[in-house]
Amino acid sequence: GYTSKNFTITKRAMAGGTVSVTSSVSFTGSNITPSVTVKVAGRTLTNGTDYTVSYSNNKNVGTSNVYVYGKGNYSGSLSAKFDIVPAKQQIQKLETKYKGFYIDWAQKGSATGYEIQYATNSKFTSAKKVTITNKKTDTKTVSKLSGKKKYYVRVRSYTTVKGTKYYGAWS
């Protein structure tokens, strides 16, 4: 004889799962949608089959959110945060001056200001820093340096959002 039993298969809750997303991405001026990796109970889920993704605050510099909603055999939701930082800075001109240098960099529309670092080594240990707080300023002359020394120079932009500074990559 055969015995029959009815049973119900329930959806697995996403609670306790993890969402991995790149911690920071560069500002582009468009909505940014980094890919995510979702794991529940040790299994990597498939986007579109096991979950759907949505984003909020994902255009401007600052902290953004990604939301993952269960689909198919999964229910519930998970979320994660990522930062949008200013785009990598570019030096347009760097000239030697008497005991100093002149630097001209590209203005970034998302920037609140800029930081210039200079040092006598390429690792920038013991580097000096100059902060430019006017976002319209895109040149600087630094003087009173030691003569006959090689200096390494780099610049990055920053954007202040609600009191938090988000830094772009160094040039």
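# Figure legends for the predicted model

**Figure 1. Close-up of Lys99 in the loop between β10 and β11.** Lys99 is partly exposed, its relative accessible area being 39%. On this scale, buried means under 20% relative accessible area, exposed means over 50%, and partly exposed lies in between (1.4 Å probe, protein chains only). The model is predicted, so local features need pLDDT of at least 70 and side-chain atom pairs count only at pLDDT 80 or more, whereas totals for chains, interfaces and linings use all residues. Residues are numbered from 1 along each chain as its sequence is written, and side-chain values use heavy atoms, with hydrogens and water left out. The strands that flank the loop of Lys99 are β10, residues 91-97, and β11, residues 100-105. Strands are DSSP runs of E with at least two residues, helices are runs of H or I with at least four, and both are numbered from the N terminus. Although Lys99 is not a glycine, its phi is positive, at about 50°.

**Figure 2. Close-up of Asn57 in the loop between β6 and β7.** Asn57 is a residue other than glycine with a positive phi, near 55°. Strand β6 covers residues 51-56 and strand β7 covers residues 62-70, with Asn57 in the loop between them. With a relative accessible area of 53%, Asn57 is exposed.

**Figure 3. Close-up of the salt bridge between Lys129 and Glu115.** A salt bridge is a side-chain nitrogen of Lys or Arg within 4 Å of a carboxyl oxygen of Asp or Glu. The closest N and O atoms of Lys129 and Glu115 are 3.6 Å apart. Lys129 belongs to strand β13 (residues 128-132) and Glu115 to strand β12 (residues 113-119), so the pair ties together parts that are 14 residues apart in sequence. The two ends differ in their surroundings: Lys129 is exposed, with 52% relative accessible area, whereas Glu115 is buried, at 2%.

**Figure 4. Close-up of the salt bridge between Glu115 and Arg156.** In this pair the closest N and O atoms are 3.0 Å apart. Glu115 in strand β12 and Arg156 in strand β15 (residues 152-161) are 41 residues apart, and the pair links distant parts of the chain. Both residues, Glu115 and Arg156, are buried.

**Figure 5. Close-up of the network of Lys93, Glu95 and Lys97.** These three residues are joined into one network by salt bridges that share partners. In the bridge between Lys93 and Glu95, the closest N and O atoms are 3.8 Å apart. Lys93 is partly exposed at 40% relative accessible area, and Glu95 is also partly exposed, at 32%. The structure holds five salt bridges.

**Figure 6. The whole protein chain, shown as the setting for the close-ups.** The chain has 16 strands and zero helices. Its radius of gyration (taken over C-alpha atoms) is 24 Å, well over the 16 Å that the globule rule gives for 171 residues, so the chain is more spread out than a compact globule. The globule rule is 2.2 Å times the number of residues to the power 0.38. Along its principal axes, the C-alpha trace spans about 100 × 30 × 25 Å. Buried residues make up 35% of the 171 residues. Among contacts (heavy atoms within 4.5 Å) with a separation of 6 or more, 55% are between residues 24 or more positions apart.
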